[in-house]
Amino acid sequence: MSSYSPRQRVFALRHWVGGSFAPYVFIAPFFVFFLAFGLFPLLYALRLSFTDWRGVGVPRFVGFANYTFLLTDRLFWESVQNSLYLWFFIVPVQTLFAVLVASLLSRPLLRFRWFFRTSYLVSYLVPLVAIAQVWKVLFDQDFGAVNYVLQTLGLPAVGWLTTSTWAKPTLALLVFWKSSGFAILIMLAAIQGIPRELYEAAALDGANERKQFFLITLPLMRRAIAFYVVIATLAVVQMFAEPYVLTQGGPYRSTTTAGYALFRYMKHLELGLGAANSFLLTILVVALSLLMLRLLRVREEA
Amino acid sequence: MAVAQEKRLINARWGRPECLVRGLRLGHVALYTFLVVLAFFYLYPLLWMAVSSFKTGPDIASRPLSFNVSDATLDSYRRLLQNVPLHIGFKNTFVVLIFKGALTMFFCPLAGFAFAKFRFRGRDALFVFVLATMMLPPVVMLIPLLLLMGRLGWVNTYQALILPGAVNAFSIFWMRQQIAEVPDELLDAGRVDGCSAWGLHWRIVLPVIRPALAALAILTFLDIYNDFVWPVVAVNTIRMQTLQVMLSDLYNQINNMQVGAIGTNAWGQVLAASTIATFPVLILFLILQRHFIYGILAGSLKG
């Protein structure tokens, strides 16, 4: 029975897996990288989230104390609230805007289409930090160009980045500038995927342009819209770099997003708490994605 | 008959001819005005950044909107290069681009090939696993990864900047989609000629999917060049800062070198640095626009 030579066993194993070991070798790097830089750090951090550890010494096991602390912490909820507030400013507005602009851009006979499309997309490529620095200068309270224009028009100067009322809208405007071109591109691709015959048939049935938009374009873009809403939502919840460069989470923590809150714990070396916050954020993100996907499915059936 | 139908079609879409004169002209003006204003909204901040970088800081503050060509000065650039070691940022970003880019461009198509064109035990389950890892929010990985780097003693090293995320699920997923389109007959012909699995990949698959590879390269370039969140966490000395991290830290560095140059005095230099950092991406975009749009659309499948 066990008189097979090692060579024969390898041969049998190879036959069993499908004739070749090559595909396993080809996909192995991903799994090695994922184990090293994904799974292992996650498990390590999970263990750490049940301890009190500030970067030195021995982690002290504290059970769920970090989680209960965060869930009853005003600052934690404040950061979640800030993210939701920003979501409201960014995602619905940007999505509707992108659908509108994309449908204008895909009108037949539009001239300079190439120019418009290109100029809207350029902002997506610009490094975030570079444009955030420009924003900081443009929206400076005392010497910024925006307030300069306002004052020339006889209006009062606004503390765009220095008052908690205005910091969020200014941040949202930066995000809008940076990512709405991308949204437009997605919507454009979705519109281009709609068969032209549908419009021709609708035109023959006497549907005008507005009707065509509401009865053909919009329904057939639903998937693209839902898709964009999901990725934009995830991006807003995780937003970190924008408030980091523009406002450092201030003034009065008004731009401390859920993502930026993590950074605060890192900076103060409250690593156990930070790890716990990471996992709470993961739960939030996964829950939001599932919710969005659920909404998408419901709509598709309707 | 056909002509009449055509006419009805055009009428339905664009209104009756007599309306074309009044209603639609006005509509056209509104449409183009809107599109131009929008283009202005996107382009003006960039234009303003580039133009203002040729002014001095106090000049930007006192007259933000005017620009005399005769007053143009390279003063901001000169001071910037004196105060901030931008060449270090460029060098570090370049090193990361080369190595991380090479890892992505080498391993991701290879794994995509295995998933697309081989039958092997556990393939579907493994592929679902790869897709599932895309659900992990990147920001959530920051603290765990930082802890790992601390344990390995990798804080402030190139390994820390290069390795995490180099072989990523999204690129594999996208390469699989692209390679699935390669006709099986080509691969069979290769097998008949005695190509090994590696030979099939190298001699047949890669040459066939070259446009997709170009798009992947551009996407990878953008991701690495613009990456900020992980580098700012993984690095805390100037020596290892990437360009973007250095850009975020400008005011500190300018102030260290040139005491009192905070606020408006540093603005010229800040805008000069932003212009320099934006330039490579814009140039590449203008040269390779088609690939860029293809690549970005591919990237939109992410998440």
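Here are some exercises with worked solutions on a predicted model with chains A and B.

**Exercise 1. Describe chain B: how many helices and strands does chain B have, and what percentage of its residues is buried?**

Step 1. Start with the secondary structure. Chain B has 17 helices and zero strands.

Step 2. Now look at burial. Chain B holds 303 residues, and 41% of them are buried.

Step 3. Finally, check how the contacts are spread along the sequence. Take the contacts in chain B between residues at least 6 apart in sequence: 75% of these join residues at least 24 apart.

**Exercise 2. Find the domains of each chain and say what distance separates their centres.**

Step 1. Chain A first. Its domain 1 covers 6-48, and its domain 2 covers 67-301. Taken over C-alpha atoms, the centres of these two domains of chain A are 39 Å apart.

Step 2. Then chain B. Here the assignment gives 17-42 as domain 1 and 84-299 as domain 2. For domain 1 and domain 2 of chain B, the C-alpha centres are separated by 41 Å.

**Exercise 3. Work out what the side of chain B that touches chain A is made of.**

Step 1. Count both sides. Chain A puts 75 residues into the contact, and chain B puts in 73 residues.

Step 2. Pick out the main contributor. On the chain B side, helix α7 (residues 138-152) gives the largest share, with 11 residues.

Step 3. Sort that side by class. You get 59 nonpolar, 10 polar and four charged residues on the side of chain B that touches chain A.

**Exercise 4. Describe how helix α2 of chain A and helix α5 of chain B cross.**

Step 1. Know what to look for. Two packed helices are described by the angle between their axes and the distance between the axes.

Step 2. Get those two values. The axes of α2 (residues 22-48) of chain A and α5 (residues 86-117) of chain B come within 8 Å, and they cross at roughly 135°.

Step 3. Name the arrangement. An angle over 145 degrees would count as roughly antiparallel, and 65 to 115 as roughly perpendicular. The crossing falls in neither class, so α2(A) and α5(B) are oblique to each other. As for handedness, the crossing of α2(A) and α5(B) is left-handed.

Step 4. See who meets whom. From α2(A) come A:Pro23, A:Phe26, A:Ile27, A:Pro29 and A:Phe30, while α5(B) brings B:Phe107, B:Leu110, B:Ala111, B:Phe113, B:Ala114 and B:Phe115. Sorted by class, the residues of this contact come to 11 nonpolar, no polar and no charged.

**Exercise 5. Look at A:Phe112 and A:Arg253: what is the sign of phi in each?**

Step 1. Recall the background. Most residues other than glycine have a negative phi.

Step 2. Read the angles. For A:Phe112, phi is near 55°, a positive value. For A:Arg253, phi is near 60°, also a positive value.

Step 3. Place the two residues. A:Phe112 sits in the loop between α4 (74-105) and α5 (113-125) of chain A, and A:Arg253 sits in the loop between α12 (241-246) and α13 (258-267) of chain A.

Step 4. Decide how exposed they are. A residue is partly exposed when its count of other C-beta atoms within 10 Å lies between the exposed limit of 12 and the buried limit of 20. A:Phe112 has 13, so A:Phe112 is partly exposed. A:Arg253 has 19 and therefore counts as partly exposed too.

**Exercise 6. Decide for A:Val126, A:Phe182 and A:Ala190: buried or exposed?**

Step 1. Use the cut-off of 20 or more other C-beta atoms within 10 Å for a buried residue. A:Val126 has 25 such neighbours, so A:Val126 is buried. A:Phe182, with 23, is buried, and A:Ala190, with 22, is buried as well.

Step 2. Find their places. A:Val126 is in the loop between α5 and α6 (128-138) of chain A. A:Phe182 belongs to helix α8 (residues 164-192) of chain A, and A:Ala190 is in helix α8 of chain A too.

Step 3. List contacts, leaving aside neighbours within four places in sequence. A:Val126 touches A:Ile131, B:Leu46, B:Thr278 and B:Val281. A:Phe182 touches A:Tyr124 and B:Ile296. A:Ala190 touches A:Met221 and A:Ala224.

Step 4. Set sequence against space. A:Val126 and A:Lys178 are 52 residues apart in sequence, with 7.8 Å between their C-alpha atoms. A:Ala190 and A:Leu174 are 16 residues apart along the chain, with 25 Å between their C-alpha atoms.

Note on methods. Residues are numbered from 1 along each chain as its sequence is written. Chains are lettered from A and ligands numbered from 1 in the order in which they are written. This is a predicted model: local features need pLDDT of at least 70, side-chain atom pairs count only at pLDDT 80 or more; totals for chains, interfaces and linings use all residues. Helices (H or I, at least four residues) and strands (E, at least two) are DSSP runs, numbered from the N terminus. Two residues are in contact if their C-beta atoms, placed from the backbone, lie within 7 Å. Domain bounds come from an automatic or database domain assignment. Ala, Val, Leu, Ile, Met, Phe, Trp, Tyr, Cys and Pro count as nonpolar, Asp, Glu, Lys and Arg as charged, and the others, Gly among them, as polar. Axes are lines fitted to C-alpha atoms, for helices over the stretch in contact, and angles run from 0 to 180 degrees between N-to-C directions. Angles under 35 degrees count as roughly parallel, over 145 as roughly antiparallel, 65 to 115 as roughly perpendicular and the rest as oblique. A crossing is left-handed if the near helix is turned anticlockwise from the far one by less than a right angle, and right-handed if clockwise.
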